[in-house]
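The exercises below ask the reader to look closely at one protein chain, working from a single residue outwards to the whole fold. Each task is followed by a solution that proceeds step by step.

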Amino acid sequence: MLYFFINPASRSGKGARKWGEVEELLKKEQIPYEAHFLEANVSPRPVMDEIFTKECGDVSIVLIGGDGTVNQCLNGIPDFDRLLLSVIPTGSGNDFCRNKAIPSTLEEQLANILEKKHRLEVDRAVIVLPGEHGVESKRSFIVSTGIGYDAEICHEANQSRLKKALNKIKLGKLVYLTIGVKGLFSANLSDMTVTIDGQTTDYHNVFFIATMNQPFEGGGVAMTPKADDTDGQFDFLIVHGISRLKALCTVPLLYIKKHAGKPGVTLLTGKEITVSSSNKRTFHTDGECEEGCDAFRAYMDGKVHFIY
């Protein structure tokens, strides 16, 4: 049995259209399936609990959507040891699937999922955020988490009407570049204390800190080109200590993978990071954004069995 979780709104309705094609193929091939449609800000956990309770062995979950859909469902999984996760990408970014050899045709995608042709043990991470009265909140992520300028771009892009319009003509990524240039001059910079695997460093005038499990975020921006989501560690990108004018020259280099070694660019690796900021900044997990964060901790927390 294949259990589908569909985000019908992904990429301005592409998710719904893709599901129509998938369902037609499933019926034609007489493949048993169950479909569930996702809603924004509604956890799929109750449905996931029912599925994992009635199934005895591994559970094949197939997602139709983008990185936000993956994150939403990842945080609804009750048992990662039994999960077999597959993704049919329909988002505007699709950074989780970007460096994986997922076939281009739907027929091949479904055939590979049914045959369990390729299996990859992908790292799963957790971000911990402080809350009121000392109560922490935790959330899994699989692409990246970030605080500062990159999250601010993501937050504004998610609310942008321009992004929706450009998505319809397959140019949605341009909105990140447009917002990004403007954001360099409006970003509220801060000083941050960063501890990576027990080693603490103070950074001043921080534009952003990206904690990467994948090489890409923001629809294909190679923040950490050498990142490997199977190696059990993060790749970190910290942009700090340079003027806004210098940043205007440096940040575009991310798009062509030429930022390493440039002034104000620090690339590190590690299994755990703790960040404390001098003022509240926007942060994101897999592109899902919130405002008002001045501290977080992120660490590796096991594997996801990915089938493609």
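**Exercise 1. Decide whether Gly180 is buried or exposed, and describe its surroundings.**

Gly180 has a relative accessible area of 5% and is therefore buried, where buried means under 20% relative accessible area, exposed means over 50%, and partly exposed lies in between, with a 1.4 Å probe and protein chains only. Before going further, note that this is a predicted model, in which local features need pLDDT of at least 70 and side-chain atom pairs count only at pLDDT 80 or more, while totals for chains, interfaces and linings use all residues. Residues are numbered from 1 along each chain as its sequence is written, and side-chain values use heavy atoms, with hydrogens and water left out.

The next step is to place the residue: Gly180 belongs to helix 8, residues 174–186, helices being DSSP runs of H or I with at least four residues and strands runs of E with at least two, numbered from the N terminus. Setting aside residues up to four places away in sequence, Gly180 touches Tyr149 and Ile153, contact meaning heavy atoms within 4.5 Å.

**Exercise 2. Find which residues of helix 6 are buried.**

Both contacts of Gly180, Tyr149 and Ile153, appear in the list of buried residues of helix 6, which also holds Asp150, Ala151, Cys154, His155 and Ala157. Seven of the 10 residues of this helix (residues 149–158) are buried, so helix 6 is largely enclosed by the rest of the structure.

**Exercise 3. Work out which strands pair with strand 8, and which of its residues form the covered face.**

Begin with the faces: in strand 8, residues 190–196, Ser190, Met192, Val194 and Ile196 make up the covered face, whereas Asp191, Thr193 and Thr195 make up the uncovered one. In a regular strand the side chains alternate between the two faces of the sheet.

Then take the partners, remembering that two strands pair if DSSP finds at least two bridges between them. Strand 8 runs antiparallel to strand 9, residues 199–212, and six bridges join them; here Thr195 stands opposite Thr200. The hairpin of these two strands has two residues between them, and Asp197 takes a positive phi near 50°. Strand 8 also pairs with strand 14, residues 272–285, in the antiparallel sense over five bridges, and Met192 stands opposite Ser277 there.

**Exercise 4. Contrast Thr211 with Val135: which is buried and which is exposed?**

Thr211, which lies in strand 9, has a relative accessible area of 0% and is buried. Leaving aside neighbours within four places in sequence, the contacts of Thr211 include Phe141, Phe234, Phe236 and Phe296.

Val135, by contrast, sits in the loop between strand 5 (119–129) and strand 6 (137–141), and its relative accessible area of 56% makes it exposed. Not counting residues up to four places away in sequence, Val135 touches Leu129 and Pro130.

**Exercise 5. Describe the protein chain as a whole: how many helices and strands are there?**

The protein chain contains nine helices and 15 strands. Its radius of gyration, taken over C-alpha atoms, is 19 Å, close to the 19 Å of the globule rule (2.2 Å times the number of residues to the power 0.38) for 308 residues, so the chain is as compact as a globular protein of that length. Finally, 53% of the 308 residues count as buried, and of the contacts between residues at least 6 apart in sequence, 73% join residues at least 24 apart.
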